[in-house]
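Trainee: I'd like a close look at one residue in this protein, and then at how the parts elsewhere in the chain pack. Please take me through it slowly.

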Amino acid sequence: MKSGSFMSEKSAKIFVAGHRGLVGSAIVRKLHDQGFTHLVLRTHSELDLTSQSDVESFFATEKPVYVILAAAKVGGIHANNTYPADFIGVNLQIQTNVIHSAYKHGVKKLLFLGSSCIYPKFAPQPIPESALLTGPLEPTNEWYAIAKIAGIKMCQAYRLQHQWDAISGMPTNLYGQNDNFHPENSHVLPALMRRFHEAKANNADEVVVWGSGSPLREFLHVDDLADACVFLMDQYSGFEHVNVGSGVEVTIKELAELVKEVVGFKGKLVWDCTKPDGTPRKLMDNSKLASLGWTPKISLKDGLSQTYEWYLENVVQKKQ
């Protein structure tokens, strides 16, 4: 089932929830680039999405036509283990408040964004949408995953009961401008970029990387995700959630070598095989989205180069 009216409504009010994050900021850039002129944006201090009354009041006053829900409490393994109540509670509150108020106040279409961690720990590879709820989750992020699964099911429930056009997209590992380069809390790609840059700046001889380098991972540039979100808003109105991935796998070793090359670090890579590798493979089955007519456009090498330029301008220079 296709809707196809989104791209023809460039002046419609669009609420992008979480517009300052990695994903939300990319979606805002994409919408501006596509000529959308009426984006409704609120910072956390202006609108607390965990407050039911605040969200209700916002929707009653602003009455957006479309909603893209990219707001979430996110973090790595350490944060998930330390704050499980926050990860399930805050995300459930945000989703429930926004989805219900959007429906209640006549929003035409809503896109809910989740994460590949919704799938079972031992899901088949590549992971199809049908793998959802077929096995136990990865214990280190189950609190976040269960909240995101609830968001998918809530969109489906409102579609079933109210015939409301709520859809869900599940992105793979993302990277790009506005990523988190924090030394302890960042994901593998920005962490590698920061370490190679600092090693280069300090004229270090080597960089030690955890594990064997053999696990396979998939990465999607956040601008490609934003492009897919606009595509789904325009072209998809189905019941099932949709995987959004690149369909391309690289080993952590290949990734490290590529980041090293982009950064220009001339020393050597040392692999610490006493450290854990994590899941051996985690690839999304992207065939459903491809069959709808969308494919990613930014290669990993080009995306890494763009991200490193942004890192130099926005992280390194601001420290100096």
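Mentor: Let's start with Pro124, which is partly exposed at a relative accessible area of 46% (under 20% is buried, over 50% exposed, partly exposed in between, using a 1.4 Å probe and protein chains only). This is a predicted model, where local features need pLDDT of at least 70 and side-chain atom pairs 80 or more, while totals for chains, interfaces and linings use all residues. Residues are numbered from 1 along each chain as its sequence is written, and side-chain values use heavy atoms, without hydrogens or water.

Pro124 sits in the loop between strand E4 (109-113) and helix H5 (142-162) (DSSP runs numbered from the N terminus: helices are H or I with at least four residues, strands E with at least two). Its C-alpha lies 9.6 Å from that of Met284, although 160 residues separate Pro124 and Met284 in sequence.

Both neighbours of that loop, E4 and H5, are among the elements giving two or more residues to the largest nonpolar core, a set of 38 residues (buried Ala, Val, Leu, Ile, Met, Phe, Trp, Tyr and Cys joined through side-chain atoms within 4.5 Å). H5 gives the largest share of this core, 7 residues. Phe15, Leu49, Phe59 and Leu110 have the most contacts inside the core. Leaving aside neighbours within four places in sequence, Phe15 touches, among others, Leu49, Phe58, Phe59 and Ile68 (contact means heavy atoms within 4.5 Å). A second, separate core has 33 residues, including Tyr66, Ile68, Ala228 and Met233.

Now for the helices. H2 (52-62) and H4 (84-104) both feed the largest core. Their axes are 9 Å apart, at an angle of about 30° (axes are lines fitted to C-alpha atoms, for helices over the stretch in contact, with angles from 0 to 180 degrees between N-to-C directions). That makes H2 roughly parallel to H4 (under 35 degrees; over 145 is roughly antiparallel, 65 to 115 roughly perpendicular, the rest oblique). On the H2 side, Gln52, Val55, Glu56 and Phe59 meet Asn97, Val98, Ser101, Ala102 and Lys104 of H4.

Compare helices H6 (residues 188-201) and H10 (residues 300-319), whose axes come within 11 Å and cross at roughly 60°. That makes H6 oblique to H10. Their contact includes Leu189, Met193 and His197 of H6, and Leu304, Tyr308 and Lys319 of H10.
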